[in-house]
Every structure is written in C-alpha cells, then in structure tokens.
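Trainee: I should like to go through this model with you before I plan any bench work. May I ask about it piece by piece?

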Amino acid sequence: MLVDVPDFVLFVGRFHPLVVHLPIGFLVLAVIVAFVSKLEKFQKLEVALDFILLLGAISAILACALGFMLSQGGDYDPNTLFWHQWLGIGLAVVSVVLYCIRTKAPQVGGISAKLNSSYAFVLILVLLTFTGHYGGNLTHGSTYLLQYAPDPIRIMAGMGPKAVPRPPVTVLDSADIFLDVIHPVIQSKCSSCHNQDKTKGQLLLTTYENMLLGGEEGPSLVPGDLERSLMYQRVTLPSTHGDYMPAEGKTGLTDDELAILEWWITNDAPPSMQLAFMQVEIDISPKLERVLGVRASFDSRLPDKEVASADSSLIQDAVAEGFVIKKIVPESNFLEVRLPFTGQKLSDMELQVLLPIKDQIVWLDFSRGQVQNADLEVIGQLTSLTRLNLANNELTDEGVRHLLGIGELNYLNLYGTQVSDASLSVLKNLPKLRSLYLWQTEVTDAGVAALKAEKPDINITLGEEFLFLPEQDSVRKNGE
Amino acid sequence: MMNIVEEAIYRRATYNSRRHFLKQCTTGLGALALGSLIGCNSGGRFSAGGKQAGLNFAMPHFTPKAKSVIFLHMAGGPSHLELFDYKPELQKLDGKDTPPSLMEGKNFAFLKGTPKLLGPRAGFHQVGGSGAMVSDYLPHFSKVIDEVTLLKAMHTDEFNHAPAQLLMQTGSARLGKPSLGSWTVYGLGSENDNLPGFVVLSSGGGAISAGKSAWGSGFLPTVYQGVQCRSKGEPVLFLSNPHKIDEHLRKRSIDVINEINQKEYENIGDPEILSRVAQYELAFKMQATVPDVMDIQQEPAYIHEMYGTDPGASSFANNCLLARRLVEKGVRFIQLYDNRWDTHGVGEGNGVGEGMRRSCEAIDKPMTALILDLKQRGLLEETLVIWGGEFGRTPMMEARTGVGYDGRDHHLEAFTMWMAGAGIKRGFSYGETDEIGYYGVKDRMHVHDLHATILHQLGLDHERLTYEFQGRNFRLTDVHGNVPQDILA
C-alpha cells in the first residue's frame, strides 16, 4: 500500500466514479452514431461524430487521471485494478488516436479513414465493456453482478450455484448464534468494505476464521475477550470518533445488535451453536427475537395459525342479529365479537349465527349479556377463541364444562358468575389458559391454591387485594 | 351627539372602507380563492380506517394490547423526589448551595441566584416484590407497585405549565395540535355509539393552565375532541332538555337542524358540517346514556369505600371510579386532570412537605383502587393506565420571597411517571436519574416516546397514524418518538 498520499489527491480521486460516466456516455454515443449514420435517414449525424468522439476522448483522459489518483488510496484488489487501469488507459489512447486519424489524416492506405473506422469503434465498445466491468467489480465486489443471476449463468461464469440460504428461523431456540445471528449482521453491516475485493485495513470479515485472523491492527475477534476484540471495540466507539466503524457514514450496528455481539464474544464466541444450548439471559432473548424477527415467544392474543376470510354474507347475518363484529387487524381475518352497548342481551339473539364463522372469531365479549348455561354449549364450539369474557352472567359449573374444547383459550373472565371449585378442575385442562378471573364467584381460596400448585402458569385473579379495607372477605364474597 | 371616544372610533373606521379592504386584499383574496379551489380545506384524508363523521370500525395497525386508556394527569407537576425517585445523596446535601454548573444556561420558572438544595421531605420504603423505593406519602399505592412500570427518567422541553401540559397532551407546546385522546379515537374509532369516545374529567380545583386545548381536536374533525364530564351537578353541560321542551320535540328539532345541515354540506362540502350533525346526534343519545353511566350512586358501598369516593362532589376519587365505569362502557380514552400539584412553597403548606402529603392523600387510595378494581374485573389486561405530571420539580429549594417553605420549582430534565396494564411490564422500573434527581442518566424517555408507547399499546404505529392538513401529513409525535421495548411485557 502506498502511504503519504496527499489528501488532495484522494479528494480529487474520489470524483472518478462520477466523471467515469462521461466517457461511457460519449463513447457509446459515438459508436451508435458511427453505425447509425451509415443509414441514409441518419446521415446528417455524421458531421457530429468527430465532435462526440473528441468529447469522449477528453473525458476518458480525465477519468484515467482521476482513477489513478483514486487508486493511490489503496485497498483495491491489485489484479482487478491492473486490468481496469490498463484497459482504461487503452481506451483513452484508442479514442485519441482514432480522433486524430479521422480529423488529421483523412486518407490512410488510400481509403477514407472516416469510411474505414468501423473496426476501431467496435474495439472501443469492447474496451469500454471490459473496463467498466472491472471497475464495477472494484467497487461492488466481483460477485455483485451475478449475485442474483439464475444458476446456469452463474455456473457458466464459474461462480457455482447460489448458496442455499439458511432456513428462516421461526423459533428462537433453533437459531444458530453465529450462522443465523452474528454472521448476517456482519454481512450486512461490515462485509461491503471487508471482502475479498475491497479488503479495507487488510481485514476480511466474511468468515469466522477471517475474523480470528484479523487485519493490519491485529485480530478482530478474540473469543471471551471484549477488550482485545477489535471488531467490538471499533463499533462501540462514539460515531463521531475517527476509528468508528462502519466508516463513511454507513449505518452502524443497532443497540440490539451491539448487545448481542457483546454477549456472543463474552460467551467465547462459538463459531456455531444453537441458542437452545446456550445460556440465554432474560435481557438478551428479546433482543435476539427482534434481530431475528421471530415473534416474541408467542402472541397469546391471536391463535397461532392463519385462517381464510369469513364469507361477508355470513358476517352480515350475524350483524343483522345484533352482534357487533370487527376485524381485529387489517392483515388477518380474525374477528372480534361482542354485544352492542345498546342494552341488547343474548337472550334476544340467535347465537347459532356465529357458528359458520367460528374459525375466524377469536375474541368474544358477552359480559353482562344474560348468557345462560345452555348458551355455553354453542360458545364451546367456537374453538378458535383466545379471549372469552363471560363476566356477570348467571352461569354455573354445569355450563363451564362446555368450554373444554376451546384449546386456544388464553383469557377467560368468569367474574360475577356462580361457578365454583368444580369448574377449576375442568379449566385446568385448557392447555393455553393463562389469565383466569374469578372475583365474585363461589370459588374458594383453597380451590385456587390447589389449581395454582398444579398449573403455576395460570394467573388467577380472585379480587383478593383490598389490603387497605377492613373487611376483606365480606367485600369479596358479598359482591352485589 | 358622539363623545370623543366614539368619534375616534368612527374616524378610524372611515380610513378602512370596503374599497380599501378590497384594494388591499386583491392578491390575498386570489390566494384564498385558489386555496379553496385546489382543496386546501378539504379536511384531509384518513390514514386509519376511520369514517368521517361516524366513529365506527377504524382498525389498528397491529394487534392491540389496550382497548382503552386512562390517563391520570397530575396538573402542576408533582415532585418525583418526594414520590418515586429516592435520593439519599440529596438528603446529605440538604441546605447546601447549588453548584453553579447546575444553574448555568438553564431555564427555570422562578429559581434565580444560588438556591439551596432541598433534601427529600418524604420518607421512603422498599416495597413490593420488585423492591422499588416508594414514598411514605403513598401508603396504599405502595401495595400495588408490582402492577406498574415506573418511568424514572422522563424529560420534557417546557418549564412552564401551559406549554408543558400541551406538550404532554398534544405532542406540541404550541396551540392547534390534536390531543392524544383525539388521535386515539381518530385511529381506532369509538366502541359505544351512545357515548363520546374521549371523555375528560377534572378535579383539584380550577382549570388547568393549558385550558381546553389540552383535549381539543386541533386540525382533526371536531368530532374527535374530548367531551368534558362533571362528577358534580349535570354530568355534561347543556345536554338536558330546556324548560318545557320534551324529548319528542327535542328529537324533532334536532332532526330538522340536521336536515338543514346535511343540505348545507351537500352545497358546500365542508366536513365540519358532518361533525356538527354527528355531534347533535350523539348529544341526543347521550341524554339517555350519560346520566346513567355518570351516576356513581349505582355502585355498591364497598366500591365507594374502596375508592374513597364522595358522591355529588367533584373529586379525584369520583373521577377514578367514573373512569372505570366508562371503560366498562367501551369509552376509548378517559383523561383525568387533578390540579393541585404546583408545589412552589410560596407559603405554609404549599411545599413538598405537609402540603404535598395532603395532596397525595387525595389520590393515593383512588388510584390504587382503580388499578385493583380494573384488575379484578379482568380489565387491566386491556386498559392502559398512565400517571404523571407535565414535568418534575427541582432538587433545589425555591424561596421566592426569601423565606422557604419547602418549595421546589418546575423541572424539565427529569421526572417520574408510571404506566400499568395492557402489555406493560409489571413491577419494573425504567430509567435512572443522577444522585440528586436532576438529570436522567440512563434510559431517558421523552414525552414523544411516551406518546409513541401509548399508541403502540393501542395497536397504532405512531409513524403511520397521520392526518393530512394544509398540504402535509401530521403525526402526534412529529418526527420523534421511540417505543422502549424494555418496558413491554
């Protein structure tokens, strides 16, 4: 690498990618004009050809000069750079020579140079193509062009078929800390400068081994040692610091990514390990979930499945019956059903109309709705329900047993009903039940304690918490 | 015979004839005409699924955790240093001069010169399973501390009541922006056709400094503005039938007025006319529903005991109970104001000592009861409760008249709020202040972040809930706002 290049040279050099498009445009135009003007219709363009060629030649010389300055900054793959540089210079020379011949020496070998420069224009096109291609490789990396090409084209170009992407992570435990988490982050945030073609600071960050190897300033990754792991040190500097990475205003690592990187290195930076086998601290797992884009544990508010859209005429039937029906979110077809606030009660309504849309109904609120035990037979068939509010109805254990089939049920509100401990032994069999409300029922503290012992996952609210009131028990039990 | 004042007015008026007006306004009138031609006042477009005048069936952006919000705004700015932010170090510095570094370049409403530091006037105890330190001023609330997330490093941009309250309620310290409740109802609609979607209840005496703009709808259609209800006297003013007008006549009058308005709308196309029609209709329906829902006498005695209500009066306890009743009736946003927290210490009993302790007595039991009552009814899971003032109080003592009465000045750098229910972590504390409670030093949370979080729990993306007004889209959070994932359960 060349050192002590004056800043000014690099400053000017960085205009190369801008200026380089001028000769491309001019010379391509010249080639087009050269051939098109042979047609009678476009013959008039012939007079402009030499001028266009001159512009092309001048801008090509300028681009060469700027390109040379840019190359002084180093960090480019020398082989590609060699070809790009000399093909570019060749292009400039051919353009200049062609211009001179066409204007200064009209007769070459007894034939009009103007008539006979077709070969030279073809040569210009070829040089232009290859110079441009190598230039593109220098900036974007040699795999950029064909990264998304169909496999047959990739194989012809000697790149081999596309790497099979790792299957998308759906469960946190099955994700691999390096392959699914760290590596993709490094790929997206670091590898555009630290790859085979553009090895800034002699550092490659494409594989785990390269990270251990490091660059000019030493190893990038030292498992278990944050202090000496340069990759961690450089990304955690203040973004205004000169050594901060990623450089040149590129998007830095997010807070989540930083925390995970720190956690990975501290935990001896395994090159591949499933999260299930690692000690994932409670504050790290939500960060991992966000970076991986997996749903936080499992959103208990909706069933863990997709359903087809309910027939709108069926929804209309239910609405006509008086039910208030709403879609919960635009993207899913799940529905929320409740009684209107007009005072209309379930006893005046035909509950059966909900059955044809039972797959879609997930939230149901029939509190204060004069629901009878018999109605629970129908409600029990709404097996997609995750939230069911039956508070303040005349319901007993007799009705509650019908709810056993609602396997998705997460929230069940039975406050203000006449259910007793007998219902608890039914409800404990609901696998996903997490919130159970039993204030102002006949359920006893002992019954709740027994259920809690058996099913610690269920949060049971008995309304026990009037700590500042004198007569706790009378308050809770004699509700009305 | 004109007197001299009238003559002056007359003379002045003759200088501004109609001719003058037209002449001077030529370009302005042209611009006005052009503006209405190209539809500048068309009332904007709806980004959420809201319907213009009816409020039904707007949809959130993602699965909501909260269906309703109860925001307990302690107008005046309660001292975080006497309630939730325990600072033993400040006790040691009590009476010492404030270091100049804490005063330089800072704006205070009243502090000047070199004030003395003022140690916490309340005792603190570690409470609950989370081990939070809570003031002895809040004996009841201490028992439900495990239900809430404390936001201990809140900060704001404004150090005076009115702009700070506006910022807290509308996301902007200037007038004219829609309030948090209006945005919410605009985004989600109302569940109950017979009640307003956004209800405002006040206690503590006097109007808050920001006035009615704190619950105004700004540039949103007026149908989204908050409806102030009272727990004393008639719940909503001007709602009941005038003398000798029965319900039938009232209904017919409203029908006729609405018909005229509808024709006017067809002529002019101003959506505000539809708002007016909707409001007449809602007002008529509310005649039946509001007195019923606002009648706390229907509640059993143990509930009154629990909240410590005072039926017939205007009190924070009554309002907390009303808030719960309104949530049960599907009201989307209930905004409470309690106006008694401006503890400058301008006289005996006005500081953060005995005076503030008495203020706490008025809210401690009711707000605790609100949380417990929502919880036992299974409503806390889907109701977001927020508590806090518009700013905090300084660690320095304010002694405006030279004599100090344990007063603290307004402080924008740090204050404590809490949130409970609807997917917010239970028994959690977010953010830290320095050893004297002056600056937030960890996990600071701005008012915009609070707004983003509230909308997030309601299933609304604060960056997508927009309203086009005067040529551009507006948001509650302007160009700010982050949802701190750490406080979400």
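Trainee: Which residues lie on the two sides of strand E8 of chain B, and are they buried or exposed?

Mentor: In this predicted model, local features need pLDDT of at least 70 and side-chain atom pairs count only at pLDDT 80 or more, while totals for chains, interfaces and linings use all residues. Residues are numbered from 1 along each chain as its sequence is written, and chains are lettered from A and ligands numbered from 1 in the order in which they are written. Strand E8(B) covers residues 383-388 (helices, H or I of at least four residues, and strands, E of at least two, are DSSP runs numbered from the N terminus). B:Thr383, B:Val385 and B:Trp387 are on one side and B:Leu384, B:Ile386 and B:Gly388 on the other, and each of these is buried (20 or more other C-beta atoms, placed from the backbone, within 10 Å of its own; 12 or fewer is exposed, and in between is partly exposed).

Trainee: Which residue stands opposite B:Leu384, and which opposite B:Ile386?

Mentor: E8(B) runs parallel to E1(B) over six bridges (two strands pair if DSSP finds at least two bridges between them), and it is antiparallel to strand E11 (residues 415-420) of chain B over three bridges. In the pairing with E1(B), the residue opposite B:Leu384 is B:Val69. In E11(B), the residue opposite B:Ile386 is B:Met419.

Trainee: Against which elements do the buried residues of helix H6 of chain B pack?

Mentor: H6(B) spans residues 180-188, and nine of its nine residues are buried; among them are B:Trp183 and B:Tyr186. Just after this helix, B:Gly189 takes a positive phi of about 75°. The packing partners of the buried residues, all in chain B, are strand E1 (68-75), helix H5 (161-170), strand E5 (198-203), strand E7 (333-339) and helix H12 (447-457).

Trainee: What is the relative direction of H7(B) and H8(B)?

Mentor: Helix H7 (residues 247-268) and helix H8 (residues 271-293) of chain B have axes 9 Å apart and pack at an angle of about 165° (axes are lines fitted to C-alpha atoms, for helices over the stretch in contact, and angles run from 0 to 180 degrees between N-to-C directions). Their crossing is left-handed (the near helix is turned anticlockwise from the far one by less than a right angle; clockwise would be right-handed). An angle over 145 degrees counts as roughly antiparallel, under 35 as roughly parallel, 65 to 115 as roughly perpendicular and the rest as oblique, so H7(B) and H8(B) are roughly antiparallel.

Trainee: How do the residues of that contact divide by class?

Mentor: Contact here requires C-beta atoms, placed from the backbone, within 7 Å. Among the residues that meet are B:Ile254 and B:Tyr265 in H7(B) and B:Leu274 and B:Phe284 in H8(B). Ala, Val, Leu, Ile, Met, Phe, Trp, Tyr, Cys and Pro count as nonpolar, Asp, Glu, Lys and Arg as charged, and the others, Gly among them, as polar. On that basis the contact of H7(B) with H8(B) has nine nonpolar, three polar and four charged residues.

Trainee: What are the class counts for the contact of H4(A) with H5(A)?

Mentor: Helix H4 (residues 46-71) and helix H5 (residues 78-104) of chain A pack at about 155°, with their axes 9 Å apart, and are therefore roughly antiparallel. Their crossing is left-handed. The contact includes A:Leu53, A:Ala57 and A:Gly67 of H4(A) and A:Gly88, A:Ala92 and A:Tyr99 of H5(A). Its classes are 14 nonpolar, seven polar and two charged.

Trainee: Which strands are the edges of the sheet of seven strands in chain A?

Mentor: This open sheet of mixed pairing has the order E3-E4-E5-E6-E7-E8-E9. Within it, E6 (residues 387-389) and E7 (residues 411-413) of chain A pair in the parallel sense over three bridges, with A:Leu388 bridged to A:Leu412. An edge strand pairs on one side only, and the edges in chain A are E3 (324-327) and E9 (459-461).

Trainee: Which element gives the most to the side of chain B that touches chain A?

Mentor: The contact takes 23 residues from chain B and 28 residues from chain A. The side of chain B divides into eight nonpolar, eight polar and seven charged residues. Helix H9 (301-307) and helix H11 (354-376) of chain B each supply at least two residues. With four residues, the element that gives the most is H11(B).

How values were computed
Contact = placed C-beta atoms within 7 Å.
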